[in-house]
Structure formats: structure tokens, C-alpha cells
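Reader: I should be grateful for a close look at a single part of this model.

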Amino acid sequence: MNSLSQFLTLSDANVRYVVIGCVLLGISSGLMGVYTLLRKRALIGDAIAHAVLPGICIAFMLSGVRNTWVLFAGAVVTGSLAVYLVDLVTRRSRLKPDAAIALVLSVFFGAGILLLTIIQSSGNAAQSGLDKFLFGKAAAMLPEDLWLFGVVLLLVVVVLFFGYKEFKLLAFDKGYAQSQGIPVKALEMALSSLTVLTVATGIQAVGVVLMSSLLIAPAAASRYWTNRLSGMLLLSAIMASIGAYIGAFISYTKPGMPTGPWIVVVLSCITLASMILAPNQGVLARYLQRRKHRNKILQENILKAFFHLGEKRDNQALAYEMEVLRQQRDMPVAHLKSGLRSLVRQGALLDSNDGYQLTRSGLEAATRVVRLHRLWELYLSRHLNIAPDHVHEDAEGIEHLITPELERELELLLDSPGTDPHDSQIPYTQKDRNR
Amino acid sequence: MDAFWIILTGSLVALNGALLGSFLLLRRMSLVGDAISHAVLPGIVIAYLFTASLTSPFLLIGAALTGLATTWIIETLNQKARLQHDAAIGLTFTLLFAIGVILVATFAGQIDLDMDCVLYGEIAYVPLDTITLASGIDMGPKQVWTLGSVFVGLIILLLTGYRGLSLTTFDAGYAAALGFNTSFWHYALMGAVSLSTVAAFESVGAILVVAFLVGPAATAFLLTRSLKWMLLIASAVGIASAVSGYYLAFWLNGSISGAMALMTGAIFTLAFVWQMVAKRQ
């Protein structure tokens, strides 16, 4: 446990640099990732990350030293060039953005590899460690690296804060932003530049290939939890820093474990968990919602079958066996069984020796669905001039969705009608009439 | 003779990339090709742990399956979890690549897999690893045979499945109406992409695979509107990049893969400028 406490308290200087560095990078990329994601440019980060390599090599060849700031400047130049070229190729040819990104990415990276090997074969002693950019060198972070990360993060936060409203418009509705006289071009430039800065610093932690994960994963995860931009930014930054922290810890516990990949794995797990568990937009929530809706439709259809049977016999108090219900409305036995069970549980049906029977509340619910069905049929044939023999299918679907408010509107519009287009009674219970 | 083998290897990778890349480009899936070329890493590592050889057919199969799994994961994230397509690609390949790197680090003692090699390969070593028959006849480099068989398989796929591939590419709805199984052709294409990526992995690395998947196809796409011509022009551009890239690397004394990738960009730039000038007139 010694290592754990050492890690948590950041008492080891080496650990301190790595953790602080990774968290700073995580926050910048978490923030910028939200904008690249919302602007459907999630993979531009991938292009920038690869394009940074030739810039670093050229900066090194020109200066001859491995100075963080010099290499960073080179990285920013070619990174920006890559963004510009992706944009140019997309605008000036039939190629789609994805092809343009893939093209720029591979060509720039190829150029970078070529330059890197030329530097290596020239035998310059200072070049050692230059290739660490490929896979990141989180474990070898220096104080001057942290200063750079801090400056970039500060820049990102300041620009995003003061341009919050404008960037928001740009991210969600570019056309509207343009019509409002907002300098869209300049803002896009600002966002691209910030993304380049973030990526150019980020590859030092996770390397070229994995950089896009730092931009995409936290932003994508936050998208599942909220629809608000401010919430997304906050969540994305928090999740990115947590991911960076845990990833750095895992790689710290075992010697030889790379930091970048672990950060990516942790971030991806956070994203996958959000994807599944988030309320409203998560896979699980949407599945439950769908199932609830399906059950509601099933139960309402069963209630309708009871109502129709009772209507034919002019007595809604009779009990029916399952077979009779199935003859009235054909549905799989398993579905019918489970629907009947839930209706009994809810108190809408009574399970007696003669079969199933509507209770008072069940009758009210059944009456309501049939009423909505017939009201809608009448509405379609009267106001939309649809032939009476064509309205049934549509009403079958809509009857489960009409709210009480909408029902009132329909009644007003149709002037409290007595019968539907097929001359069936539009049914009301005593309770409905008292309303 | 070494130059010949290296250029031949590069050209075979280029041909495989140009043919498959054309279909990927038209299906707007160029980045899926990029994703596959990175995401097969864990498949390679796991298969390598079992077979202890980088040229075993099991390795090819294992990695090709990983490639197919990659496309499946991307589709699932996109459709079931409603993650936008580009984010689904980015999330999938980075996660798989990260797992691959971690596996390499974990089994560092048992795997002789150089991570730099994974990214940019060592095409210069291709001529060293040759097949020699029992009778002592030198059959040429192993890589050439692997890539060559993938190429032959690809040609057979194209000759027999051209109609299915092209119809499902241009108008999936119409193809389905004619009775073509669109998801079969989708996965057939993705399987082919995975297989040729893995086959090229050791010699040229992921980056040249991507360059050859995108560059020649994109160049040809600017120059013609016919699929047959696109396939032909892309192949020619691919071979031209491989040849010129080799001599560029020779002249600069640098990475051959990197130079070949750079040349696909240079040829694309020519085509790009040409089509801009042509449009203006």
C-alpha cells in the first residue's frame, strides 16, 4: 500500500509531474472535444495528431535542440496546416471530409516518419526520445512540460469562457450564427487553433494514435448525460481528469506499463458505461422506455378486446377464457398471458374461475381507449376527408398516445359526438360523464 | 535484386489498397479502413501469443476476425447506442489499439513485436526473409508470397463479385431490391480490408496501409466518374507511388514506407491542382 499512498499524496516528484500533466491535458482535450464532437469533426483530432509529427521533426532539424517550446511551435504549424488542407480539399473537390481526413493524416504521418528516420540516420545525439511522440512519454514529463500544458489549458478556458455564447451558436446552428452577424470564420479559426494546441500537447501524454480518444471519449460520454452545452463541458472535463488520474495510477502500479493506453482504456470504459447507464439517452434507459411503451400497448389492446366482447353481448360484467379473447383479437399466447397477469396485478382485471373479468377501473380504462380510437376515426373522416374504411389502422396506433388534453380538444372540435364513422357508439362511463 | 523485391512488395500493398480503397471511398468508409488498420493490433498480439509466429495463417485469420469485429462494434455503437459515426470510429479503434499496446507491454518478454514496426514497418527487411524450398531453390521473400496471394484472392473476389460489390456501393436500396445481400457484401469487403491490412502489417506498417487505402483511390476519384476506370487509375497511382517512394527514400536515406506514403500525397496534390485548374476553365 506504500505505493498507493505515495501516489495519492503525490509525494513522489515523478508521479506528481505525470499525474498533474495528464490531468491538465485531459481537461483541455475534454473541453475542446465537446466542440469537435458537436461540430461533427470528431476525427479531425486524429488528423492533427498525425500531422504534428513532421512539424516536430522540422523544428528539431532547424533548431538542433530538443526544447519543448520549439518542438511545440513546429507541431502547431503543421497541425494547423493539416486542418487547413482538410478544409481545402473538402471545399474544392468532390471528396468527402472523411476521405480528406484519412488522406491528410496518412500523408503527413508518412512525411513525419521519413523525416524522423532521416534525423535518426544523421546520428544527432539529441534526437533520442524524439520518437517518443509516437506513443507518448507521460512517464518522462518535465516541469517545463507542465508549464506548457498549464498555459494551453488557461488559453482554452479563457477563450471558451469569453466566447461561450458565440461558440454555442456555432456548434449548434452555424447558419443561424452566420445570419446573426457573428464572425463564423474567425470563431472557427479560433476553435481549430485551440484544438491544434490541445492535440499538440496531448500527444506527449498518449501519443499520436491514441490522441483522438482523449478528444472523443469524454465528450461522447458527457453527451449521454445532458443536452446542455455548459453541462457537457463540465462533465467532459471532470470525466477526462478522472480518466487521466486513474490511468496514470494503473500504469504507476506496474513497472513498464504505458500510461497513455491505460488512460484511453479507462476513458473508453467511462464512455461505454455512460452509453449504457445514462438516464434518458442510455441504451438501458431507452430499452426500458420501449418495453414500458410496448407493455402499455399490449395491455390497452387486451382491454379493448374485453370491451368489444362486452359490447357485442351488451354486458361488460362477463368473464372470458383466454381462447375467447384470442378469437376477438389474435395475439401470441405468451404475450396475452403476461399482459393479463399485469392487468390483474394493476387491479384492472379479476381472475375468477370463469376466466378474466373487467373490474370497474378496468372498464374505465377500456372505455377510454375505445373512445379515443373512435374519436380519432371520426376526426380523420370528418376533418381530413379520409374514407371511413381507411381510418382504422391509423387510429390503432394513435389511440395509445393521445393525452387527456388532446382528448378534450378532439371532443370540442367534434362537438361531443355520439357515434363514430362506422356508427358505433363512442363510449363514456358514468365517471367520464360526471367530469 | 533487393530493390526489386522491395518495390514489388510496396506495389502489391498499393494494388490491394487501391482496389479496396476505391470501394471504401465510394462507401464513405475511408476512415473505417484507417480504424481497422489500427484496431487489428490486439488480434495480432493474441494470435501471436498462441502461434509464436508472425507469418502463421492463424495470425492472418485472427487479425482479420478482429478487423470484422471492429466494423461490427462501430456499427453497433452507431445504431444501437446512437453515437455519431465519426465518434464511434474514433472510440473503437483507439480502445482496441490501446488494448493492443497494453498487451504488448504485458507480454513484453514473450513477444518480439516492435511497436515502431507496427506503425511504420520495416519494408527494407522484406528481402531478407525468404522461402527456400527443400531442393534449395530460393523462392523469394515470404512477404511477397503472402501479399501476392491476398492480391490474387482480391482479383477473384472482384471478378466474381463485381456486380454485387458495385451495386451495393452505389445504391444499397436498389441492390437489396434486386436480391443482393447488402450486409454480406459489406462484411465481405471489410473482411478483405482486414486481411490485406494484416498481410501488409509486418512489412509496411499501419500507416502505409492507410496511405495506400486512401491516397490512390482519392486521386482516381478526382479524375474519373467510372468505377472501372477508378480501379485502374488507383492501381496505377498506387504503383507509381511505390516506385517513386522507394527512390525518394533511397535518395534521402530515410524510411521507405514513409516516403511511399508521402508520394501518394504528392500525386494526389497534382490531381487536385489539375482538377481545380480544369474547373476554372
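Which helices of chain A each supply at least two residues of the nonpolar patch?

Author: This is a predicted model, in which local features need pLDDT of at least 70 and side-chain atom pairs count only at pLDDT 80 or more, while totals for chains, interfaces and linings use all residues. Residues are numbered from 1 along each chain as its sequence is written, chains are lettered from A and ligands numbered from 1 in the order in which they are written, and side-chain values use heavy atoms, with hydrogens and water left out.

The helices are α12 (259-277) and α13 (283-313) of chain A; helices are DSSP runs of H or I with at least four residues, numbered from the N terminus. The patch itself covers about 520 Å² and is formed by A:Ile276, A:Leu277, A:Val283, A:Leu284, A:Tyr287 and A:Leu288. Such a patch joins nonpolar side chains (Val, Leu, Ile, Met, Phe, Trp, Tyr) within 5 Å, from residues with over 30% relative accessible area and no salt bridge, that is, no side-chain nitrogen of Lys or Arg within 4 Å of a carboxyl oxygen of Asp or Glu. Areas are computed by the Shrake-Rupley method with a 1.4 Å probe, and for residues only the protein chains shown count as cover.

Helix α13(A) provides the largest share of the patch, four residues. A:Leu288 belongs to helix α13 of chain A. With a relative accessible area of 43%, A:Leu288 is partly exposed, a term for values between buried (under 20%) and exposed (over 50%).

As for the wider setting, chain A is divided into domain 1 (2-212), domain 2 (285-358) and domain 3 (363-434), with bounds from an automatic or database domain assignment.

Key. Patch = residues over 30% accessible without salt bridge, like charges linked within 9 Å, V, L, I, M, F, W, Y side chains within 5 Å. Buried < 20%, exposed > 50% of the residue type's maximum accessible area, 1.4 Å probe, protein only.
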